[in-house]
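The following paragraphs are intended to be read beside the sequence and the model. They proceed from strands to helices and end with the cysteines.

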Amino acid sequence: MPATTTTVVVLDNGASTIKAGVLGVHDEQPRVIPNAVVRAKGDNATYIGHELAKCRDFTSLRFRLPFEKGFLVDWDAQKTIWDGIFSSEVLAVNTAESSLLITEPYFDLPNIQDVYDQFVFEEYEFRSYYRCTPASLIPHGHLFARTDLPSPECLLVIDSGFSFTHVVPILCGEVVWEAVKRIDVGGKLLTNHLKETVSYRQWNMMDETHIMNEIKEACCFVSNDFPTDLETCRARPSRNPIVQEYIFPDYSANRPGRIRNPGESLDEGCQTLTMSNERFTVPEILFRLEQAGLSATVAASIALLPKDLQGMFWANIGLIGGNTAMPGFRNRLMAELRSLAPIDCDVCVYQSDRPTLEAYRSAVAFAARPDFAQCVVTREEYQEMGSTACRRKFRDWKPVEKDPARGREQAKGRAARAKAGGVDDDDQSPPPTTKKPGRGRGRGRGGAKRQA
């Protein structure tokens, strides 16, 4: 499968948004699509993924999310969103003539991975595809690139996304799964916490998830001196350098929400939200947990790595994911890590200019490599071996069969004996994975097809 004659579709399939593009067309700026089916109360309309851009009233939106607790579980909704992405309204690709690179969650379950494979090859009939986690793509990108220096072989990626925050060490391009750590805090939890805090103190915003998420992204920051900032807000609640006023959007006048400028007079009918210590107490959850906070989790992950290499991991820490874009995030993390690291180790944290797009840009760089065609699973391989081909070719957190050739020979031998009507009682090796379970899931996908 020559890479030069095949369209390569790149999907960074996040739980909040999908970063989608075609190699050579959307290399720097992908299409960012909400990964949700949204019901709008204002016009009583339903918007699927990319169609949300047509919505004019974002009050009281109802979200149907394909991802739940970090895993893809609603395949009907996800297929409907993917259909829109592949259509002429977004990427305009013929999936049967294309190759796909798609990201999946960390520690994805085998049954869910099998459904990924079935959708790619049976529903969309892609020519070939590659599936991996976002952090595993970062070595191919430019986050750690430095002039006149080779890419580091030891690096640690902090991926703070919608559902969770993961600390992922990578050694020579391979994820060290035994040292991967997860914090059960992501952008969704932070938005919900801000929503509940504001609803208790000021306005009832429990139905305004979309608006509160915009307020979080506009106003929140990570404090570098939490006790001092908290005392500043307590001593002078309404007049201090931290407090901000956010002007609510007015969709009837087509006026988006924004932060009020100091001394700005308000138009009649404008409603505002005062953001005081909420600006920094909400992101503080990431650093102060009953379980270990982010800095302690990074230290615990590095402690599980080979001792003679730990210094290189401390010196190559990268940030990706939407939460890391908050002002002050890198400086706070640097200060805390410096106090936890050995005194003879350098601590360096690299931050992307667009943390939410870093995994996508790294995926594009990987897909553009000449050897990408040797990494994918082709449609023919899947038709011959099913999801077993994907398990053997895609590097994952689960152990794989050490001798694929021997497994194929055993499978062929069993098939020949079955045709001959004989059974070898001495053959105690496990049977190869078949597509019988897939047919059971296929009935569920039929419902998705009818819905779409």
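In strand β2, Lys19 is the bridge partner of Asp12. This pair belongs to the antiparallel pairing of strand β1 with β2 (residues 17–22), which comprises five bridges. The two strands form a hairpin, with three residues between them. The model under discussion is a predicted one.

Strand β1 also pairs with a second partner. Five bridges join β1 to strand β9 (residues 98–103), and here the strands run parallel. Within this pairing, Val10 stands opposite Leu101 of β9. Strand β1 spans residues 7–13, and because six of its seven residues are buried, the strand is largely enclosed by the rest of the structure.

A comparable description applies to strand β11. Strand β11 covers residues 154–160, and seven of its seven residues are buried, so the rest of the structure largely encloses this strand. In a regular strand, side chains alternate between the two faces of the sheet. In β11 both faces are covered: Cys154, Leu156, Ile158 and Ser160 are buried on one side, and Leu155, Val157 and Asp159 are buried on the other.

The partners of β11 may be considered next. Seven bridges link β11 to strand β12 (residues 165–171) in the antiparallel sense, and Leu156 stands opposite Pro169 of β12. The connection between β11 and β12 is a hairpin of four residues. With strand β18 (residues 317–320), by contrast, β11 pairs in the parallel sense over four bridges. Ile158 has Leu319 as its bridge partner in β18.

Attention now turns to the helices. Two packed helices are described by the angle between their axes and the distance between the axes. For helix α3 (residues 187–201) and helix α4 (residues 209–219), the angle is about 100° and the axes lie 9 Å apart. Since angles of 65 to 115 degrees count as roughly perpendicular, α3 and α4 are therefore roughly perpendicular to each other. Helix α3 contributes Gly187, Leu190, Thr191, Leu194, Lys195 and Val198 to the contact, while α4 contributes Thr209, Met212, Asn213 and Lys216. By character, the residues of this contact comprise four nonpolar, four polar and two charged.

Helix α4 leads on to another sheet. This is an open sheet of three strands in the order β16-β15-β17, with antiparallel pairing. Strands β16 (258–259) and β17 (272–275) are the edge strands, each pairing on one side only. Strand β15 (residues 244–247) pairs with β17 over four antiparallel bridges, and Tyr246 stands opposite Leu273 in β17. Helix α4 packs on this sheet and touches β15, β16 and β17, its direction making about 140° with that of β15.

Further along the chain, helix α9 (residues 329–340) contains Arg332. Is Arg332 buried or exposed? With a relative accessible area of 7%, Arg332 is buried. Leaving aside residues up to four places away in sequence, Arg332 touches Val222, Ser223, Asn224, Glu284, Phe287 and Arg288.

The cysteines remain to be considered. A disulfide is a covalent bond between the sulfur atoms of two cysteines. The structure holds zero disulfides. Why does Cys219 not form a bond with Cys220? The closest cysteine sulfur to that of Cys219 is in Cys220, and the separation of 6.7 Å is too far for a bond. Cys219 counts as buried, at 1% relative accessibility. Cys270 is buried too, with a relative accessible area of 19%, because the cut-off for buried is under 20%.

Conventions. Residues numbered from 1 in each chain as written. Predicted model: local features only at pLDDT ≥ 70, side-chain atom pairs only at ≥ 80, totals over all residues. Heavy atoms only, no water. Buried < 20%, exposed > 50% of the residue type's maximum accessible area, 1.4 Å probe, protein only. Pairing = 2+ DSSP bridges. Axes fitted to C-alpha atoms, helices over the stretch in contact; angles between N-to-C directions. Parallel < 35°, antiparallel > 145°, perpendicular 65-115°, else oblique. Contact = heavy atoms within 4.5 Å. Nonpolar A, V, L, I, M, F, W, Y, C, P; charged D, E, K, R; others polar. Disulfide = S-S within 2.5 Å.
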